[in-house]
Every structure is written in structure tokens, then in C-alpha cells.
Amino acid sequence: LKVFVLPHFVCRADAAMSLGSGPYNARFQQTMLRIKDPRVSVPFYCENFGMKLVHWIKFDQWGFTVYFLERQRDGETSPECTMEKTSVECEKYLNTMNGTTVELTHNHGSETDDNFKVWNGNTGKDAGPDSPNFAEAPAVRGFGHIAFNCDDVYDACTKLEANGVKFQKKPDEGRMKGLAFALDPDGYWIEIVRREPLGWKEYYNLSQTMLRVKDGPASAEFYQKHLGMTLLRRLDFSDFSLFFLTSVTPKELKVALDQRPEEEKADHAGGLDPAKPNTMTKLLWHPCLELTWNHGTEKDPEFKVHDGNAQPQGFGHIGFLLDNLEDSCAKMEAGGVAFKKKPSDGNMRGIAFAYDPDGYWVELIDRTATFAGVCSNY
């Protein structure tokens, strides 16, 4: 099991106190999902999961708008943002935040298109002909779900069902008891997971984004080496493995480590061992990137996950904030990272898109980036 120990770079001295890790002070900041109707999806996440709209950007010239939702800690504040009005101050908050957002992308007009439907990531040919998730395309599934942690999955699901939320799986259905999958208005799966009881006032915390990968160890290495993520847990089963990585500073990690049960601390006396059972994913406020690897696919030259940006479309990318975008991307490229869009390409400056080992798009956002003057709403 390869675990990278990376230097921690001091955060910038600005009002937001932006935190990061790794060689480019990176921070996991977003998961992008395409949606049909923001007037439906934005309230769904706010009313059911306590998320808050912190910013939105409208590009009339390209026909789309993006909405950023964050599950903030209770008492945390951010500049006022509504569905009608946002600001440069909201953009600065977004680009210097320490939290993580769900970015909802709306292509203008889809809300009135009866034929518009996103791909939720879980239907595909690799599901097998006997599976209810079988579909002729794509050949291999990619994105799987996002997740929220809570203290009581059963109570959470009762509340969600009372609010009219539909389910792919309720807590007592199937072989895996005690966890559930709710469905958002577009059919994306939302896993509901129990966390350790820490006395948090917040009913939910955004806890994961799941991606299927060809080669688990290679993908975990990429996110640790280039984006400073910490591998918290590796679970190996007979035919698949799960890797859980997160963006945390050493100080944030220590806070969670100190909250572990005493027997777990004793079992990890030499430091956190991702290969040993641990509760870290249930102790952190921060979401994890969950990589799902089916053993043997790494040896199949024809195996390629669907990145969500060719047809059928749904999930688009994950994104990281970092410092000094141009210099960071140049060093990444020198280190073998391939790019879809470099900082100087196209009309959108201040962002880049790298490819991870599976071809997933990874957006890289400079903390000083602004779309003021390019977007049409501020």
C-alpha cells in the first residue's frame, strides 16, 4: 500500500484563510452535476440537506448557468446570495473557501424540454444483462453517487420520505443494512451514511463523491501526489477495493484522529494505517473522494470508464482550488499530468482542466480567479 507523505504549505494570509495541502496548496472544492431545472434542484438540496446557495455564474453567451451549494457549519456566514442576485464578494468566498460544494450546471432551456434527462452514472452495459441498471451505453460506468453523513440513517430517511424524496434503496432493503440511497430530482443517487455521534448540531455533512476507476492504486497515487489528498482508508474485498481520500491539513487531520475510540488509537499507535479498520470517514466534516476499483480491470486494455462528458451526460468533473494556477499547471505537466485545458487556453482564464488516470476531468481553479466581465450576472 503506497501512501505519500507530502509537505504542507502554509495557507495564504487573507480574510478567508484558505487551507490546502500538497505541492500546490490544493483543496477539494466541487463536484459538478448537470441538472434539468435549477428551480427544482437548488431548493431540493437546501430544504432536504441543509445546503446553502453561495454563488452562481450565468454565461448567456454559452447558454448555461452554474450554481454552487455548500453544507456550511452552523453559524458560518457567507455573503448574501439568492437565486436572483449574487456578487463578486460571493465569488471571492467560493474561490477562497475551505468547504466543498456541489456545482449544479443548468443548460438554458432544458427545464422545458420534455426529452431532457441526465445520466445518473449507475446505468451501463457493465451492470450486466440481468441488472435493473443495465443499459447499452455507456460500456463502463464512471461516477456513482454523492453522499451525506448523519447521526441516524433511519430517522433521516423517515424525514426525507415524509418530504416526498424518492429512494433507490431504503436502509433495510438489500444486503447492506443501515445505509440508504435517496434520489435527487434528476435521479442522481445520494448515499445516506451513519457517522460517529460527535454531538454536531448540523443534521448532515456532505461526505463523499464516488468514482469508479480502472486501477485503484494508480488513481489513489495521482490524487495524493498531485493534489495533496490524504488516504484515510483502503477496504479490500474479494473482487473489489475502495479507497477514501480527503483534502485536509495536518491540523484538521489531528483533530479527527484525536476523536477516535481509544481502542482504535491503540491499534494505530504508529500513525494512521489506511489498510487497517478505522472510523476516519465518519469523524471528518470534510467529504471524501471514494474510488471504486474492480480487481482485474487494470489489466484490461479495452477497459475505460465513462467520464460523463461524452454522451450520455450527467456528472461532469470534480474540482480543486489552488494557488498560482499557471505555475502549478506547468509543474503538473512536467510531472506527467495531461491537460484538456491549460490556463491560457480558451476564453475562461483562471481555470484549467487536467485529466486524471481514468480521463475524468479535474478542474483547477486559481483562488484569485474571477469571471466578472465575462459572465452576465455580475
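Strand β13, which covers residues 315-322, pairs with β16 in the parallel sense, and six bridges join the two. Within that pairing, I318 has V362 of β16 as its bridge partner. I should state at once that this is a predicted model.

Let me place these two strands in their sheet. The sheet is open and has eight strands, in the order β2-β3-β4-β1-β13-β16-β15-β14, with mixed pairing. β2 and β14 are its edge strands, each pairing on one side only. On average, neighbouring strands of this sheet are turned by 25° against each other, with direction ignored. As general background, the strands of a sheet pair through backbone hydrogen bonds, in either a parallel or an antiparallel manner.

Now to the helices. Helix α1, residues 38-49, lies across β1, β2, β3 and β4. The direction of α1 is at about 5° to β3. Helix α7, residues 325-334, also packs on the sheet, where it touches β13, β14, β15 and β16. Relative to the direction of β16, that of α7 makes about 145°.

I turn next to the pockets. Which residues lie nearest the centre of the largest pocket? They are M176, F181, E191, L242 and E290, out of 41 residues that line the largest pocket. Its volume is about 1,500 Å³. Several strands each supply at least two residues of this lining: β5 (143-150), β6 (166-169), β8 (189-194), β9 (205-213), β10 (230-236), β11 (240-246) and β12 (288-294). By class, the lining of the largest pocket comprises twelve nonpolar, 15 polar and 14 charged residues.

The second largest pocket holds about 560 Å³ of space. It is lined by 27 residues, and F64, H317, M348, I351 and F353 are the closest to its centre. Here we return to the sheet described earlier. Among the elements that each supply at least two lining residues are the strands β1 (27-35), β2 (52-59), β3 (64-70), β4 (101-107), β14 (339-341), β15 (351-355) and β16 (361-366). Helix α2 (88-95) likewise supplies at least two residues.

Which strand gives the most to this second lining? It is β1, with four residues. By class, the lining of the second largest pocket has 14 nonpolar, seven polar and six charged residues.

To close, I would set the two linings side by side. For the largest pocket, the counts are 14 charged and twelve nonpolar residues; for the second largest pocket, they are six charged and 14 nonpolar.

Definitions and conventions
Residues are numbered from 1 along each chain as its sequence is written. This is a predicted model: local features need pLDDT of at least 70, side-chain atom pairs count only at pLDDT 80 or more; totals for chains, interfaces and linings use all residues. Side-chain values use heavy atoms; hydrogens and water are left out. On a 1 Å grid over the protein atoms alone, a cavity is a set of points where a 1.4 Å probe fits but cannot get out, and a pocket is an open set with protein on both sides within 12 Å along at least five of seven lines; lining residues have an atom within 4 Å of a point. Grid points are joined across faces, edges and corners, and a volume is the space filled by probe spheres set on the points. Ala, Val, Leu, Ile, Met, Phe, Trp, Tyr, Cys and Pro count as nonpolar, Asp, Glu, Lys and Arg as charged, and the others, Gly among them, as polar. Two strands pair if DSSP finds at least two bridges between them. Axes are lines fitted to C-alpha atoms, for helices over the stretch in contact, and angles run from 0 to 180 degrees between N-to-C directions. Contact means heavy atoms within 4.5 Å.
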